[in-house]
Amino acid sequence: MALLQLRSVSKIYHLGGEEIRALDDVTLDIGTGEFVSIIGPSGSGKSTLMHILGCLDTPSHGTVTLDGIPVQQATARELAHVRNRKIGFVFQFFNLLPKLNVVQNVELPMIYAGIGGRERRRRAEHALDLVEMGHRLKNRPSQLSGGQQQRVAIARALVNDPKIIFADEPTGNLDTHTGEVILSLFRRLSEEGRTIIIVTHNPEIAAVTPRRIEIRNGKIAERVDERLAGLDRAAAQSQSGPAPSSA
Amino acid sequence: MILLNSIAVGLKEIWAHKSRSFLTMLGIILGVTSLVGMSAIIKGMENGMKETMVAMGGVDKVLVRPQAVPAWQDHLADSAPGRTLVDVEALRRSAPLLRVVSPEMALDDVTLSRGDKRTEPSECVGGWPAVLEMNLHTVAHGRFFNEIDEEEARPVCVIGTGIRDELFGKPDDVGREIIPVGETIQINGQPFVIVGMFQEYMGEQEAKERARQREQKDNPAEVGGPKRSRGWGKKGGWAFWRKNMIVYIPLNTAWIRFRSGGTTLNSVPDPRLTDIDIKVADFSRLEETLQQAKNVMLLTHQGIEDFTFETQENQVESINKQIQNARISGGLIAGISLLVGGIGIMNIMLASINERVREIGICKAVGATGANIFIQILIESAVLAVIGGLLGLGGSELFVDLLAKVTPSSNSPMITRNAELVAVAFSAAVGVLAGVLPAIKAARFSPIEALRYE
Ligand SMILES: Nc1ncnc2c1ncn2[C@@H]1O[C@H](COP(=O)(O)OP(=O)(O)O)[C@@H](O)[C@H]1O
Ligand SMILES: [Mg+2]
């Protein structure tokens, strides 16, 4: 069974009597170890999809199964538990807690996992070493650059050793060079066998992921728009390297 | 562990908004200050009352008071005998449940003089040696009068140190303690020999202060400093002042020398006593004892009930009532302050969580459950209140110090450990209660709402 299974998932918002189908009958499987980008124009439903995949939200209709757990029936408490143990999040605006320093931010998910202080510190430092932020443990997020903050956020996403990492526009707020550094970090994590799902409208990122899912008006598009997916450029580069193929 | 972490986060939160937190705590601070301050004042009152009680003879002392004859005995009013030594003898003989019976014949408008010095005692009383035990007196110098003094109605007296101070000089002014035993003073112009002097009576607090001052005096380094008033006057408490300003003479002396006001020699002086005080042998059998005394006295009074018993219990009761009232009003003030403080905390916690929607959402995204968030907010609220409570303890200390300086008296307020514990527990409870609503609200925040801030 796939790590993530969506069956006929819809998410409907009601705004003043009007019905908004943010997701409309989405069926989707994502397997362990996949590196997937979710692309699509703004307002198409990418974030909504990610929230449902990431157990931050439950669908209006349909079923979601994550690692064998039927999510649509889970209580808020169970969802929190799943997010804590099986999922790591990376956000566009980093979302570090401003009052905590770097290492405390990374320790946060382990606090909710009930891991003891010493072990917590050890694992946080290890995760920060992986993203090359081991030298800034005591800094506040405000004292770091955007790229550094995002690396800390990735360390935080990794620290409970989750099965899936979700990233919503992780480079959206970074300059091109820093974005590339973060992207290569995700690539490395993918090569290490982690399941990574990136929401993006950046074609350069989409171009790197072996599988792309395009959302249009809450539905999965039959064919991925090549320009959106950066495939036109990838095709141009295909002489020099292996072109990533569409799923 | 989550608990410790929550407290740490709570402290950080308070520190991050220092002035806001302080203003929020003010209600709690005032509440705790008034709670602890009031209880300290009440404790001081209680201490003072207890000492006063003892100074006045202790709780087991019962006064036999005159009373208008009851309505159905109105026609007998003229033959009401009043309280006399007949009653005293009868009580001593026939009321075994009484430990002490002490007759008193107090003299009115007494002036004491020696040379050109004169003073008015608090009381000049003719009595028996039983008065010592009755009023808890201790003869420090000389002796009390005896049977012979009584029988022969000798002109002797025993005085309190206050009288000595007035007629012979205070130890402080004279530089040494004068013990005027053997000296003669005039009581309303009649010469009396002082045969004894009581110890000096004072409250615990004053005794402590005295000891401290004496120590300072013995320390040569302190010599030359301003001479402090030792407060020999009424400062040490009314009851102690009264007790030190007393003069006792034998009962017979009082009767023969001061009651025989008539010009004819063979007229019998008024034998009525001004007081009969009795002490109960077993306080737990008070009612029974009083009944026995009443029976005896009804016999000697031919059934005319022109007397009644006034126990100190009545006094204790009215004192307790006063204390109770003080407690209620103090508790009310403290309660209102704590309530207001609690509302302030709730308000600030609501503001705080609305500012932190995003933070709370992040915590939830990385795995915090609603319960985690609930506890976090509750703890922050409680920490805020407890810190306010601790500051309030400091405040009450200042308050009590100030009060003691402004109104120095024998019953200055005293902070008790219990009051402090109760106050801090109360503020913690207020904090927790005030935190419930914001905590519920925060626990219900959806993580997606927070992330929608993007
Ligand atoms: N809480 C909500 N209430 C109402 N409409 C919503 C809500 N969340 C999302 N939507 C709507 O659902 C659609 C998809 O939104 P979203 O998933 O954020 O798009 P994307 O991330 O692709 O830009 C949009 O039309 C958006 O307005
Ligand atoms: Mg989005």
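## Chain B as a whole

In this predicted model, chain B contains 16 helices and 12 strands. The radius of gyration of chain B is 33 Å, well over the 22 Å that the globule rule gives for 454 residues, so chain B is more spread out than a compact globule. The C-alpha trace of chain B, followed along its principal axes, spans about 115 × 70 × 30 Å.

Two further values describe how chain B is put together. Of its 454 residues, 46% are buried, and among the contacts in chain B that join residues at least 6 apart in sequence, 80% link residues that are at least 24 apart.

## Two helices of chain B

Two packed helices are described by the angle between their axes and the distance between the axes. In chain B, the axis of helix H3, which covers residues 85-94, comes within 9 Å of the axis of helix H11, which covers residues 286-300, and the two axes cross at roughly 135°. An angle of this kind falls outside the ranges for roughly parallel, roughly antiparallel and roughly perpendicular, and H3(B) and H11(B) are therefore oblique to each other.

The crossing in which H3(B) passes H11(B) is right-handed. On the side of H3(B), the contact is made by B:Val86, B:Asp87, B:Ala90, B:Leu91 and B:Ser94, while H11(B) contributes B:Gln292, B:Ala293, B:Val296, B:Met297 and B:Thr300. Sorted by character, the residues of this contact are six nonpolar, three polar and one charged.

## Two helices of chain A

Chain A offers another helix pair to examine: helix H3 (residues 102-112) and helix H4 (residues 117-130), whose axes come within 9 Å and cross at roughly 120°. H3(A) and H4(A) are therefore oblique to each other, and H3(A) passes H4(A) in a right-handed crossing.

From H3(A), the residues that make the contact are A:Val102, A:Val103, A:Val106, A:Glu107, A:Met110 and A:Ile111, and from H4(A) they are A:Arg120, A:Arg121, A:Arg123, A:Ala124, A:Glu125, A:Ala127 and A:Leu128. In the contact of H3(A) with H4(A), eight residues are nonpolar and five are charged, and no polar residue takes part.

## Positive phi in two loops of chain A

Most residues other than glycine have a negative phi. A:Phe94, although not a glycine, has a positive phi of about 65°, and its place is in the loop between strand S6 (87-90) and H3 of chain A. With a relative accessibility of 7%, A:Phe94 counts as buried, since buried means under 20%.

A:Asp161 is also a residue other than glycine with a positive phi, here near 50°, and A:Asp161 lies in the loop between helix H5 (146-158) and strand S7 (164-168) of chain A. The relative accessibility of A:Asp161 is 54%, so A:Asp161 counts as exposed.

## An arginine between two helices

B:Arg356 lies in chain B, in the loop between helix H12 (312-355) and helix H13 (357-365). B:Arg356 is buried, as its relative accessible area is 6%.

Leaving aside residues up to four places away in sequence, B:Arg356 touches B:Glu13, B:Ile377 and B:Glu380, and also A:Lys99 of chain A. B:Arg356 and B:Ala442 are 86 residues apart in sequence, yet from C-alpha to C-alpha they are 9.0 Å apart in space.

Key:
Residues are numbered from 1 along each chain as its sequence is written. Chains are lettered from A and ligands numbered from 1 in the order in which they are written. This is a predicted model: local features need pLDDT of at least 70, side-chain atom pairs count only at pLDDT 80 or more; totals for chains, interfaces and linings use all residues. Side-chain values use heavy atoms; hydrogens and water are left out. Axes are lines fitted to C-alpha atoms, for helices over the stretch in contact, and angles run from 0 to 180 degrees between N-to-C directions. Helices (H or I, at least four residues) and strands (E, at least two) are DSSP runs, numbered from the N terminus. Angles under 35 degrees count as roughly parallel, over 145 as roughly antiparallel, 65 to 115 as roughly perpendicular and the rest as oblique. A crossing is left-handed if the near helix is turned anticlockwise from the far one by less than a right angle, and right-handed if clockwise. Contact means heavy atoms within 4.5 Å. Ala, Val, Leu, Ile, Met, Phe, Trp, Tyr, Cys and Pro count as nonpolar, Asp, Glu, Lys and Arg as charged, and the others, Gly among them, as polar. The radius of gyration is taken over C-alpha atoms; the globule rule is 2.2 Å times the number of residues to the power 0.38. Buried means under 20% relative accessible area, exposed over 50%, partly exposed in between (1.4 Å probe, protein chains only).
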